[in-house]
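Trainee: I would like to take a close look at the sheet in this model. Could you walk me through how its strands are arranged and what surrounds them?

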Amino acid sequence: MSVLSPHDRVVILTGAGISAESGIRTFRGDDGLWENHRLEDVATPEAFQRDPALVQRFYNARRQQLLSPELAPNAAHQALARLERALPGRFLLVTQNVDNLHERAGSEAIIHMHGELLKARCLHCQHVSKASADLGPHSHCSACDQRGRLRPHIVWFGEVPLQMDDIYQALSQCTMFASIGTSGNVYPAAGFVEVANAAGAHTIELNLEASRVRTAFAEHREGPASQLVPAWVE
Ligand code: BV8
């Protein structure tokens with residue numbers, strides 16, 4: 001059983017499972033479809049090229065859900081914010097999630113490797129800005145004033161995740177790597193445990209069920225994140 005020490009350098013990876021108990025649907029659960037589209041068919045540059053209105057509708061719907069008042073971080077998000085405060089300068093939270101629940105729980109050292117639902121990016125000048133609830137052809141860039149050229153600031157399949165150098169550097173120096181609420185289907189995130197193992201870190205998976213990369217972890221605990229994570233952090 002891993003015990004966190006004040007000398008640990010901790011890297012955390014989270015996925016959709018950590019936000020499930022806050023009411024945000026996961027991707028590959030039994031309801032993992034959206035309007036009968038597989039994520040892999042909507043979250044791609046080709047889909048955006050082919051049918052921008054469909055892709056914008058997909059993200060506008062998810063952004064609306066994120067803006068609803070009853071959506072709140074859960075005990076797992078809050079426990080990670082406490083852990084960060086206990087390990088100043090020795091903690092990094094890498095999330096595959098595009099929601100803002102970690103920020104709302106108080107986490108600060110965060111890398112959103114797959115982008116952020118509440119942000120938009122200009123196809124013309126790459127400027128990243130706050131996304132309106134209904135991003136679309138009427139939207140214009142606040143930096144270059146180009147109209148109708150804004151896309152969700154999301155990393156789609158086939159695109160390079162954000163801040164990979166920073167992530168690999170932190171993984172190569174960590175003493176503890178914990179993966180929380182992810183199925184281990186999507187790379188390069190699913191391969192982070194191997195980098196942490198190579199660095200000699202203790203690796204632990206906290207998930208509702210075994211992920212596809214469960215065997216790569218030295219330790220695993222099964223259950224809902226809102227119970228597992230506070231117990232592990234305390
Ligand atoms: C890249 C934004 C090159 C979109 C997302 C063949 C083999 C291997 C790889 C590939 C391949 N073909 C193509 C690839 C690469 C591809 C990939 O991995 N495809 C997969 C589908 C095979 N990857 C890419 O294209 C990536 N880019 O590879 O570039 C590169 C590589 C290295 C370095 C530089 C460049 C880009 C991938 C990014 C795609 N964008 N998100 C959006 O959100 O709309 S991915 C999307 O899936 C989300 O970000 C999500 O986070 C992510 C992973 O899903 P999970 O978070 O794990 O969610 P899931 O529903 O699957 O699982 C939830 C888990 O939680 C479950 O295990 C469940 O049991 C658990 N759970 C549920 N409830 C709870 C719980 N756990 C605890 N408590 C609970 N209450």
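Mentor: Let us begin with a single pair of residues, bearing in mind that the model is a predicted one: Val11 stands opposite Leu92 in S2. That pair belongs to a longer stretch, in which strand S1, residues 10–14, and strand S2, residues 91–95, pair in the parallel sense over five bridges. In general, strands of a sheet pair through backbone hydrogen bonds, and they may do so in a parallel or an antiparallel way.

If you now widen the view, you find six strands forming an open sheet, ordered S3-S2-S1-S7-S8-S9, with parallel pairing. At its edges lie strand S3 (110–112) and strand S9 (219–222), each of which pairs on one side only. Between neighbouring strands of this sheet there is a turn of 15 degrees on average, with direction ignored. Helix H9, made of residues 225–233, packs on the sheet and touches S1, strand S7 (176–180), strand S8 (202–207) and S9, while the direction of helix H9 makes about 150 degrees with that of S8.

Finally, look along the edge strand S9, where you will find Glu219. Glu219 has a relative accessible area of 8%, and because the cut-off for buried is under 20%, Glu219 counts as buried. The side chain of Glu219 is joined to that of His202 by a polar contact of 2.8 Å, and another polar contact, of 3.1 Å, joins the side chains of Glu219 and Arg221.

Methods
Residues are numbered from 1 along each chain as its sequence is written. This is a predicted model: local features need pLDDT of at least 70, side-chain atom pairs count only at pLDDT 80 or more; totals for chains, interfaces and linings use all residues. Side-chain values use heavy atoms; hydrogens and water are left out. Two strands pair if DSSP finds at least two bridges between them. Helices (H or I, at least four residues) and strands (E, at least two) are DSSP runs, numbered from the N terminus. Axes are lines fitted to C-alpha atoms, for helices over the stretch in contact, and angles run from 0 to 180 degrees between N-to-C directions. Contact means heavy atoms within 4.5 Å. Buried means under 20% relative accessible area, exposed over 50%, partly exposed in between (1.4 Å probe, protein chains only). A polar contact is a pair of N or O atoms within 3.5 Å; within protein, one must be able to donate a hydrogen and the other to accept it, and residues adjacent in sequence count only if both atoms are side-chain atoms.
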